[in-house]
Amino acid sequence: DALIAIGNVYSDIDEKEEAKECYKEALTIRTICFGENDESVAAVLQYMGTLEFRAGELDRALQLLSEFIRIRKNSQTEKDGDYVNVLFMMGNVHKMQGSEEEAQKCWTEAYEV
């Protein structure tokens with residue numbers, strides 16, 4: 001949790017590379033401790049995906065955010081605000097990449113939650 005907090009501070013002050021390193025280390029630790037399909041891993045993926053989105057790394061953002069959705073769907077946890085926000089962000093990525101149909105799917109699922 002401390003690594004995520006530090007990563008968030010770096011992200012807020014626009015130190016993207018430092019934030020990435022903190023998030024990567026947090027992801028490694030959580031994956032080792034809890035397994036790759038744990039919700040705590042998904043949370044780190046959300047932070048990482050958001051950071052990549054803000055940096056304009058849309059393919060990487062989509063990959064990370066899609067993995068968040070996969071983990072959350074498989075764990076069958078309640079679809080909360082984070083889940084909806086990730087779907088909206090994924091829709092925005094698809095739209096920016098010219099994939100209107102995929103964007104619409106993401107936004108529709110988000111609205112249905």
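## Exercises on salt bridges, core and contacts

E21, with a relative accessibility of 47%, counts as partly exposed, a class that lies between buried (under 20% relative accessible area) and exposed (over 50%), computed with a 1.4 Å probe on protein chains only. The model is predicted, so local features need pLDDT of at least 70 and side-chain atom pairs count only at pLDDT 80 or more, while totals for chains, interfaces and linings use all residues. Residues are numbered from 1 along each chain as its sequence is written, and side-chain values use heavy atoms, with hydrogens and water left out.

**Exercise 1.** Find the salt-bridge partner of E21, and describe how the two residues are placed in sequence and how accessible the partner is.

*Solution.* Begin with the criterion, which asks for a side-chain nitrogen of Lys or Arg within 4 Å of a carboxyl oxygen of Asp or Glu. The side chain of E21 meets that of K24 in such a bridge, with N and O 3.9 Å apart. Next, place the pair: both residues belong to helix 2 and stand three residues apart, so about one helical turn separates them; helices here are DSSP runs of H or I with at least four residues, numbered from the N terminus. Finally, K24 has a relative accessibility of 41% and is therefore partly exposed, as E21 is at 47%.

**Exercise 2.** Work out which parts of the chain the salt bridge between R30 and D1 ties together, and whether each of the two residues is buried or exposed.

*Solution.* First take the distance: the closest N and O atoms of R30 and D1 are 2.4 Å apart. R30 lies in helix 2, residues 16-34, whereas D1 belongs to the segment before helix 1 (2-12), so the bridge joins parts that are 29 residues apart in sequence. Then turn to accessibility, where R30 is buried with a relative accessible area of 13%, while D1 is exposed with 72%.

**Exercise 3.** Describe the salt bridge of R70, then state how many salt bridges the model has and which residues form a network.

*Solution.* R70 and E67 meet through their side chains at 2.6 Å, N to O. They are three residues apart in helix 4 (residues 58-75), which means that about one helical turn lies between them. Both are partly exposed, R70 with a relative accessible area of 30% and E67 with 28%. For the whole model, the count comes to 10 salt bridges, and a network of such bridges links E17, K20 and E52.

**Exercise 4.** Identify the residues with the most contacts inside the largest nonpolar core, and the elements that give two or more residues to this core.

*Solution.* A nonpolar core is a set of buried Ala, Val, Leu, Ile, Met, Phe, Trp, Tyr and Cys residues joined through side-chain atoms within 4.5 Å. The largest one holds 27 residues, and Y23, V44, L45, F68, I69 and M90 have the most contacts inside it. Two or more residues come from each of helix 2, helix 3 (39-54), helix 4, helix 5 (81-96) and helix 6 (100-112). Now follow I69, which, apart from neighbours within four places in sequence, is in contact (heavy atoms within 4.5 Å) with Y83, V86, L87 and M90.

**Exercise 5.** Locate W107, classify its accessibility and list what it touches.

*Solution.* W107 sits in helix 6 and is buried, with a relative accessible area of 16%. Not counting residues up to four places away in sequence, W107 touches L87, F88, G91, N92, K95 and E100. As for A26, the C-alpha atoms of W107 and A26 are 29 Å apart in space, and the two residues are 81 residues apart in sequence.
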